[in-house]
Amino acid sequence: NAATTKPLEIVKEAVVDTMINNYGNPSSYHKLGLEAEKLIKESSDFFAKVLNCAEDEIIYTSGATESNNMAIIGAALAYKRTGNRVITTSIEHPSVKQAFIYLESLGFEVIYLKTTKTGKVDIQELESYIDDNTILVSIMHVNNEIGTVQEIDKIGQVIKNSNKNTIFHVDAVQSFGKYQIDVIKSSIDLLSMSAHKIYGPKGVGLLYKNKNIRIKPLLIGGDQQKGLRSGTENVPGIVGMYKAAKYVWKNKEKINENMLDLKKTLANKILDNIPGSYINGPSIEEGAAHILNVGFKDIRSEILLHSLDAKSI
């Protein structure tokens, strides 16, 4: 479920209904087009309220990979005349890490921050690397493999205190719908999320972009979404993502509490009953409620995976 989730029934119904009854192009001025545009605006209003931003600061994408690429590469290219240094961590998702490797090939200076054994960023080390030449910092909120939760409020404050012009990007794919995120409070300029991590459809996500921040578009075409992401919007996908997010947001406390109970039960039973087992990353309580990374002495992960798979686990 950290990799992908089964869509909710209400999501499936909303996607099918939109595909059949609201199939108009949202860029068209006829009735069907205007109805489709209205659905997008309704979705944007919800996401803006949840993130504490303006409705026109929401950009729809094909998912987290595009959102991360658009944020990182788009911002770096837009501000390359003002600086050359960009910063990230050594434990980012490949859609972030590979974007920084690409920037390295373009001549940018990339700093990869090390982390503690539990995956935490050393905020003092981050602060020491931010200078007048630093244009971008990208740090994920919740790590997808070991569940480390970064202190994005504190990190955002440190970044802006060190250089108010440095852009702060957060990959919130594993945290959206599970943690309260206030982009103003956390000084976040760019934020990525994906629908299929929260019981929504695959192939759709969003990027929050502070209206005062420039990014160079990666897709050129019909100037949709203020020219920042050309291409006809995926209206059924956007509606499905909205329905999923609305459900998750309404029930997030109950869902998180249930997941944490399950995580504690699973972790304790493994540690108590299997010799040589251990937890990787943060403690059970410190890590995200939905991620548990466990190691077993002298057992290869692929063999374990296939053995569990044979038992439908």
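In the predicted model, helix 2 passes helix 7 in a left-handed crossing. The two elements, spanning residues 31-51 and residues 235-273 respectively, pack at an angle of about 35 degrees, and their axes are 10 Å apart. On the side of helix 2 the contact is made by Ala36, Leu39, Ile40, Glu42, Ser43, Phe46, Phe47 and Val50, while helix 7 contributes Val235, Ile238, Val239, Met241, Tyr242, Ala245, Lys246 and Trp249. By residue class, the contact of helix 2 with helix 7 comprises 13 nonpolar residues, one polar residue and two charged residues.

Aromatic residues of this contact, including Phe46, Phe47, Tyr242 and Trp249, reappear in the analysis of ring pairs. The structure holds four aromatic pairs, and ring pairs link Phe46, Phe47, Phe176, Tyr242 and Trp249 into a cluster. For Phe47 and Phe176, the ring centres are 6.0 Å apart and the planes stand at 50 degrees, so the pair is classed as tilted, an angle over 60 being needed for edge-to-face and one under 30 for stacked. Because Phe47 lies in helix 2 and Phe176 in the loop between strand 5 (167-171) and strand 6 (190-194), the pair ties together parts that are 129 residues apart in sequence. Phe47 has a relative accessibility of 0% and therefore counts as buried; Phe176, at 1%, likewise counts as buried.

The cluster residue Trp249 also takes part in an arrangement with a charged side chain, since Lys252 lies over the face of Trp249, at 4.4 Å from the ring centre. Lys252 is placed in helix 7 and, despite its charge, counts as buried because its relative accessibility is 8%, against a cut-off of 20%. When residues up to four places away in sequence are not counted, Lys252 touches Gly177, Lys178 and Gln180.

A further arrangement of this kind involves Arg214, whose charged end sits over the ring of Tyr79, 4.4 Å from the ring centre. Tyr79 and Leu136 are 57 residues apart in sequence, and their C-alpha atoms are 9.0 Å apart in space. Leu136 is found in strand 4 (residues 134-138) and, with a relative accessibility of 1%, counts as buried. Leaving aside neighbours within four places in sequence, Leu136 is in contact with Ile72, Arg85, Val86, Ile87, Phe100, Thr166, Ile167 and His169.

Technical notes:
Residues are numbered from 1 along each chain as its sequence is written. This is a predicted model: local features need pLDDT of at least 70, side-chain atom pairs count only at pLDDT 80 or more; totals for chains, interfaces and linings use all residues. Side-chain values use heavy atoms; hydrogens and water are left out. Axes are lines fitted to C-alpha atoms, for helices over the stretch in contact, and angles run from 0 to 180 degrees between N-to-C directions. Helices (H or I, at least four residues) and strands (E, at least two) are DSSP runs, numbered from the N terminus. A crossing is left-handed if the near helix is turned anticlockwise from the far one by less than a right angle, and right-handed if clockwise. Contact means heavy atoms within 4.5 Å. Rings of Phe, Tyr and Trp (its six-membered ring) pair if their centres lie within 6.5 Å; planes under 30 degrees apart count as stacked, over 60 as edge-to-face and the rest as tilted. Buried means under 20% relative accessible area, exposed over 50%, partly exposed in between (1.4 Å probe, protein chains only). A charge sits over a ring if NZ of Lys or CZ of Arg is within 6 Å of the ring centre and within 35 degrees of the ring normal.
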